[in-house]
Amino acid sequence: MTESENKSISADEVALYDRQIRLWGMEAQTRLRNSKVLVINVGALANEIIKNIVLAGIGSLTILDANTVTESDLGAQFFLEESDVGKNRAEAALPRIKELNPRVDVAVNTSKVRDNSKEWISEFDVVVATELQFPDLEYVNSATRSQNKALYATGLAGLYGYAFADLVNHSYTIEQIRSNIQVKIGVENPRRKIESISSRKDASSGIIDTILKTETYKSIDNILQSESCSSNSSRPLTARRALKVSPVLPALLAVWALQRDGLDLSGVQAKAEDYARQLGLPVGIVNKDIVSRFVGNLHVEVSPVAAVLGGIVGQEVLNYISKKQNPLQNLLIFDGDVISGPIYCL
């Protein structure tokens, strides 16, 4: 974080955020107070994320969006009104976002993503990129990785959605009641390491262990080269579990690969099948109807899906900044057909 890190929380803020300070502590709230977040594009998904992180008390928010408000934006977005049609989306949403929490500094940038330097993008502690095509995601990710900053890339496709995290190298703590299973310092799995363990006694719960962990991540372009897939970073998929992998996973990777190569999406089915093979998954999971619906509904906003996925991403952002809880590692797929949100480690 920047030199603004020295800002302390006022007495008024302590009273305002009392409930969450009780949950995650003053140190975590101070980190939030001094954080700088960039959100790219103000769609339905970004509305939910912005609402959650602004109400939680981040330090500053910058919204980057070059698009103008259309009538179709009004159906699933609560920061916009009919009178905003024709205005820039970020500028139109700004007054209502400020009303959520006047203590948060909110600014807008009405340019396109690539009109901004990688140096400017890397000034933020967290970048949340919504509804971007792969070349722009790759550009943003190269900027965030250069300064060890966090990227969350997320998007909607009708009843489907995704959230990808690249936190580069992230340290965080978890607290848990000591059990009979001993926790040891060292490598927990290929991407996670336990650095230290401290303990304290609690009158009602017994011994509480505070565990410091570090997590390493792949960039978004590197996951397209992945040759394996696990349900999380410590459990490889069994043959039975592989049959239950969402077809949206290979479909999303196929869309990204085609966008990266500058190709249209007419070959997405074959490309999705290629990715299933590459990941060691049964080709039979690549359901043509689901792949077709996913591609046909890219960037289509459905409010309930935006609310669920936006809530998840918003909480992930808060967890990252506060350095609490296990982070997303590294790709969540929301499948509205079966109302599930499995996480895959690629």
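At what angle do the axes of α7 and α10 cross, and within what distance do they come? Before selecting anything, bear in mind that this is a predicted model.

**First stop: α7 and α10**

Select α7, which covers residues 134–146, together with α10, which covers residues 248–260. The axes of these helices cross at roughly 85° and come within 8 Å, which means that α7 is roughly perpendicular to α10. To see the contact itself, show the side chains of F134, P135, L137 and E138 on α7, and then those of W256, Q259 and R260 on α10. Coloured by class, the residues of this contact come out as four nonpolar, one polar and two charged.

**Second stop: the largest cavity**

Keep W256 and Q259 on screen, since both also line the largest cavity. A search of the whole structure turns up one cavity of 30 Å³ or more, and the largest cavity has a volume of about 90 Å³. Extend the selection to the rest of its lining, which includes E131, L132, Q133, G155, L156, Y162, L252, V255, L298 and H299. Two elements, β5 (150–157) and α10, give two or more residues each to this lining, and α10 supplies the largest share, with four residues. By class, the lining of the largest cavity is made up of seven nonpolar, four polar and one charged residues.

**Third stop: E131**

Now centre the view on E131, which sits in the loop between β4 (126–130) and α7. Although E131 is not a glycine, its phi is positive, at about 55°. As background, most residues other than glycine have a negative phi. E131 is among the residues that line the largest cavity, and E131 is also one of the lining residues that lie nearest the centre of the largest pocket.

**Fourth stop: the largest pocket**

From E131, add N41, D65, N67 and R89, which with E131 are the residues nearest the centre of the largest pocket, out of a lining of 18 residues. The space in this pocket comes to about 380 Å³. Its lining consists of five nonpolar, five polar and eight charged residues.

**Fifth stop: α3 and α13**

Next, select residues 26–33, which form α3, and residues 303–322, which form α13. What angle do α3 and α13 make where they pack? The angle is about 110°, with the axes 8 Å apart, so α3 is roughly perpendicular to α13. The contact brings A28, R31 and L32 of α3 against L318, I321 and S322 of α13, and its residues divide into four nonpolar, one polar and one charged. If you then follow α13 from one end to the other, its end C-alpha atoms are 28 Å apart, and this agrees with the expected span because 20 residues at 1.5 Å a residue should also cover 28 Å.

**Last stop: beyond α13**

Step past the end of α13 to K323, the residue that follows the helix, where phi is positive and near 60°. Continue along the chain to N330, which belongs to the loop between α13 and β13 (331–335). Which form does the peptide bond from Q329 to N330 take, cis or trans? This bond is cis, with omega near -10°, whereas most peptide bonds are trans.

Key. Residues are numbered from 1 along each chain as its sequence is written. This is a predicted model: local features need pLDDT of at least 70, side-chain atom pairs count only at pLDDT 80 or more; totals for chains, interfaces and linings use all residues. Side-chain values use heavy atoms; hydrogens and water are left out. Axes are lines fitted to C-alpha atoms, for helices over the stretch in contact, and angles run from 0 to 180 degrees between N-to-C directions. Angles under 35 degrees count as roughly parallel, over 145 as roughly antiparallel, 65 to 115 as roughly perpendicular and the rest as oblique. Contact means heavy atoms within 4.5 Å. Ala, Val, Leu, Ile, Met, Phe, Trp, Tyr, Cys and Pro count as nonpolar, Asp, Glu, Lys and Arg as charged, and the others, Gly among them, as polar. On a 1 Å grid over the protein atoms alone, a cavity is a set of points where a 1.4 Å probe fits but cannot get out, and a pocket is an open set with protein on both sides within 12 Å along at least five of seven lines; lining residues have an atom within 4 Å of a point. Grid points are joined across faces, edges and corners, and a volume is the space filled by probe spheres set on the points. The expected span of a helix is 1.5 Å times one less than its number of residues.
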